[in-house]
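Reader: I'm new to this and would like to learn how to read a protein model. Could you take me through one, feature by feature?

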Amino acid sequence: MEKKKKSKTPIFVGLSIGLFLIAAWLIFLAQCVAQTYHFVMSEDGRMSYGVCKFRKDVFCIGPEWEGGDTLFEIPDEFMGYPVTTLGGYTGRGYPCPFAARANAVEADFTCSDGFFDYHHRADDAYETLVFSVCLGKNVRKLGYVDGKSYLGNYLNDEECDFTVKIVYSFTVDEENKTFFAENGKLYYKASGELVDEFFYE
């Protein structure tokens, strides 16, 4: 009695499906990586950005202040792509809020207004540091903004000394379709509503 030969077709089909699924997964991962934003500094080191070549889009992380001039311009384009958003996330989701970073100020911490409200004392005296920001015509949305912050130092485990309040004064390109500025404050064109995510002068 002859033994029936087992067909190798199911093995080849299973192997083909497996290879196809692996290839599809690798393509998916490659596209995910391609669509992430990468941290890039401007040539003069005064501004930082998140750049995605796949999406052909840029978000502005904000001024990097090392002292001197506090006037900063968010250009229409960076590396050939439009700057459309304030703040966002780079890599696998690292938060990069739009905020002026006062690197020239010696401080133990940067904190939000909520932390300040909880920890400040009635006799706290602090300086105001004004950043003048010119918004380009392509900025159309807020991605992640941290525009209400203080700098300070720890006095002990429970007390803090707040030394600087960071505030903003905006101007906006006339061709910008989303925002406009008045007396240094930023507003939405569609509603006339104040953009409340910032401290203003």
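Author: We'll go through a sheet, some aromatic rings, the cysteines and one loop residue. First, the ground rules: this is a predicted model, where local features need pLDDT of at least 70, side-chain atom pairs count only at pLDDT 80 or more, and totals for chains, interfaces and linings use all residues. Residues are numbered from 1 along each chain as its sequence is written, and side-chain values use heavy atoms, with hydrogens and water left out.

Reader: Okay, sheets. What is the order of the strands in the open sheet of five?

Author: Strands here are DSSP runs of E with at least two residues (helices are runs of H or I with at least four), numbered from the N terminus. Two strands pair if DSSP finds at least two bridges between them. In this open sheet the order is 4-11-14-13-10, and the pairing is mixed. Strand 4 and strand 10 (109-112) are the edges, each pairing on one side only.

Reader: Which way do the edge strands run against their partners, parallel or antiparallel?

Author: One of each! Strand 4 runs parallel to strand 11 (residues 127-135), joined by four bridges; Ile74, for instance, has Leu135 as its bridge partner. Strand 10 pairs with strand 13 (residues 149-154) in the antiparallel sense, also over four bridges, and there Thr110 is partnered by Leu151.

Reader: Where do the side chains of strand 10 point?

Author: They alternate: Phe109 and Cys111 point to one face and are buried, while Thr110 and Ser112 point to the other and are not. "Buried" means under 20% relative accessible area, "exposed" over 50%, and "partly exposed" in between, using a 1.4 Å probe and protein chains only. Phe109 comes out at 9% and Cys111 at 8%.

Reader: How many aromatic pairs are there, and how do I read one?

Author: A pair of aromatic rings is described by the distance of the centres and the angle of the planes. Rings of Phe, Tyr and Trp (its six-membered ring) pair if their centres lie within 6.5 Å; planes under 30 degrees apart are stacked, over 60 edge-to-face, and the rest tilted. The whole structure has 23 such pairs. Take Phe72 and Phe131, a tilted pair at 6.0 Å centre to centre with 40 degrees between the planes. Phe72 sits in strand 4 and Phe131 in strand 11, so the pair ties together parts that are 59 residues apart in sequence. Phe109 and Phe162 make an edge-to-face pair, with 5.9 Å between centres and 80 degrees between planes. Because Phe109 lies in strand 10 and Phe162 in strand 14 (residues 160-172), this pair links parts 53 residues apart in sequence. Both belong to one aromatic cluster, whose members include Tyr150 and Phe199.

Reader: What about the cysteines: how many disulfides are there?

Author: A disulfide is a covalent bond between the sulfur atoms of two cysteines. The cut-off used here is a pair of cysteine sulfur atoms within 2.5 Å. The structure holds zero of them. For Cys111, the nearest cysteine sulfur, that of Cys160, is 7.4 Å away.

Reader: Last one: where does Thr70 lie?

Author: Thr70 is in the loop between strand 3 (57-65) and strand 4 (71-74). Thr70 is buried, at 19% relative accessible area. Contact means heavy atoms within 4.5 Å; leaving out residues up to four places away in sequence, Thr70 touches Trp65, Leu129, Val130, Phe131 and Ser132. A polar atom of the Thr70 side chain also lies 3.1 Å from the backbone oxygen of Val130.

Technical notes
A polar contact is a pair of N or O atoms within 3.5 Å; within protein, one must be able to donate a hydrogen and the other to accept it, and residues adjacent in sequence count only if both atoms are side-chain atoms.
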